[in-house]
Amino acid sequence: MQTPDDMSLVREFAGQQNEAAFEALVTRHVNLVYSAALRQVGDAHTAEEVTQAVFIILARKAGSLRRETFLTGWLFKTTRYAATAERRARIRRLHRETQAYMDTSQITEAEAWPQIAPLLDEALANLGETDRRAVLLRYFERKTLAEVGVTLGVNEDAARKRVTRGLEKLRKLFGKRGVTLTATVIASVVGANSTQAAPPALAKSVTVLAVAKGAAASGSTLTLIKGALKLMAWTKMKTAVVAGAVVLLATGTTTLIVREYQEHRTYPWEEVSEITPANISAILETNPPQVLIKPAKPRDWGPGGSIYGSDDWMAVGLWHTAGSIVDDAYFADPLRTVFLTKVPDGKFDYIANLPHDSAKALREEIKRKFGLMGKKEMRETDVLVLKLTNPEVQGLKPANSLKPSMNITAKGMTSRHSGRAVDGTFTETWFDATLQKSLQGWIERQFQLPIIVETGLTNRFDFAFTYPLFPDNDKEKHKQIAKEALLNQLGLELVPSREPVEMLVVEKVK
């Protein structure tokens, strides 16, 4: 009976969620993955976690792998990503430096393995794809040269040459790290030590976790998965950009062409159907750290975007104007922004998800791309002043005194706003909110003017007011209805004035 090849099993699992097919894959490759992880992390328990992470990633990505994928190579690279993520998570150096320079005659094969084991996976990663495949097939899967040739689509003699070339490159790479060995010794040592038996129970536990796509994985394993996926995405993007640059080096216009390439390619973070509070965190955390503004990908909806975090600020936006990106980068309200120069036309997609200083980096990118920079300063402008003119009106209730309804988020959450239309009226309700940080924003959206709150009220309140549904296309009537509702039901009056307000002033870079 013919044994199914790796990608047949992958396709069977992806299409039918066939656990037996995935278990066969794990059984076939778990020793290879575990051994690579053990070499890189140097600890058996951590190597098991890395192994789990690699096969969970395989289960998640099974449906997207191409038919021609060389699974051994894919697992090798993914193991390296996961192991690198583990070391980064522990703030350890990516590579272990070998301090001693040794003479070949002084190193036996038994002594050589501890010297090259920490360097082997990095060295393999630096080989070309063809040479790496040849070495992996010959010394990790222990195939004959004839079998290597069949897999690579060449005759046995060509396979021998590729294996020999790979070993010679490994010899040179080890030599640069201070370990001087012959290609023959490297072949013997790697062949004898590259694949070690994984713990007996590991294959079964890996299969169970992977088939469930990591749902029951430990927190540390999930951290490894997230870190590895980030590195995989980053490497994919970096490779694509570098490839574009290499092709165009001969023209002498690399910088210009790479930028043009970046402008027109579609990035993973642009491929979402929409940006919502539910997926914003995943978008920012699963894409590699970057700061980029580019012409928007055509779409039927927009704008969409969100800001995530406060200490380590991150943001992503789709179908935005240049002006709105400026406001995001400077934490400015559009009503408190003054542009002293023309803003570029069109729509843009942008992302800024560096671990630190994303806002600062985004401002620099705005300066580079749009030639704009902003600064905060006080400017006199038209405003509406919110005053308490009728304290007798009992619309403002002590916080948590209104009974939460289906329209209000669960009790205990602060500053929640709800709206409900019933029988030609609309009711606005706030729960446990301050006027400064709740009602102020709502009024500004209705009147499109900065609001200055001078009520003297600093406590938190529950409050609601009802008004007739605003007439369509009658902005002045709309404003009048809102003013009357605020005054009659909350005792709050809006008074036109002209006051100094802190504004973001945006001008052309000099």
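A residue counts as buried when its relative accessible area is under 20%. Keep that cut-off handy for this walk through a predicted model.

**The whole chain**

Start with everything selected. The protein has 510 residues, and 44% of them are buried. Colour by secondary structure and you'll be looking at 17 helices and twelve strands. Switch on the surface next: about 26,200 Å² is exposed, with carbon and sulfur atoms supplying 52% of that area. As for how the chain folds back on itself, take the contacts between residues at least 6 apart in sequence: 74% of them join residues at least 24 apart.

**Stop one: serine 35**

Select serine 35, which sits in helix 2, residues 19–41. Is serine 35 buried or exposed? Its relative accessible area is 1%, so under the 20% cut-off serine 35 is buried. Now show what surrounds it. Setting aside neighbours within four places in sequence, serine 35 is in contact with Ser194, Thr195 and Gln196.

**Stop two: helix 3 against helix 10**

Next, pick out residues 44–61 for helix 3 and 202–211 for helix 10. Two packed helices are described by the angle between their axes and the distance between the axes. Here the axes come within 9 Å and cross at roughly 40°. That angle makes helix 3 oblique to helix 10. The crossing of this pair is right-handed.

Turn on side chains to see who makes the contact. From helix 3, show Glu48, Thr51, Gln52, Phe55, Ile56 and Ala59. From helix 10, add Leu202, Ser205, Val206, Leu209 and Ala210. Sorted by type, the residues of this contact come out as seven nonpolar, three polar and one charged.

**Stop three: alanine 212**

Move along to alanine 212, in the loop between helix 10 and helix 11, the latter spanning 219–248. At 39% relative accessibility, alanine 212 counts as partly exposed. Which residue should you pair with alanine 212 for a distance check? Try glutamate 19: the two are 193 residues apart along the chain, yet their C-alpha atoms are separated by 9.8 Å.

**Stop four: two positive phi values**

Go to arginine 142, in the loop between helix 6 (129–140) and helix 7 (145–152). Check its backbone: arginine 142 is not a glycine, but its phi is positive, about 55°. Arginine 142 has a relative accessible area of 46%, so it is partly exposed.

Then jump to aspartate 432, another non-glycine residue with a positive phi, near 55°. Where does aspartate 432 sit? You'll find it in strand 9, residues 425–433. With 10% relative accessibility, aspartate 432 counts as buried, whereas arginine 142 is partly exposed.

**Last stop: threonine 434**

Stay in this part of the chain and select threonine 434, in the loop between strand 9 and helix 16, which covers 435–447. Its relative accessibility is 15%, so threonine 434 counts as buried. What does threonine 434 touch, not counting residues up to four places away in sequence? Show Leu439, Thr458, Asn459 and Arg460 to see its partners.

How values were computed. Residues numbered from 1 in each chain as written. Predicted model: local features only at pLDDT ≥ 70, side-chain atom pairs only at ≥ 80, totals over all residues. Heavy atoms only, no water. Axes fitted to C-alpha atoms, helices over the stretch in contact; angles between N-to-C directions. Helix = DSSP H or I, 4+ residues; strand = E, 2+ residues; numbered from the N terminus. Parallel < 35°, antiparallel > 145°, perpendicular 65-115°, else oblique. Left-handed = near helix turned anticlockwise from the far one by under 90°. Contact = heavy atoms within 4.5 Å. Nonpolar A, V, L, I, M, F, W, Y, C, P; charged D, E, K, R; others polar. Buried < 20%, exposed > 50% of the residue type's maximum accessible area, 1.4 Å probe, protein only. Areas by Shrake-Rupley, 256 points an atom, 1.4 Å probe, with all protein chains shown as cover.
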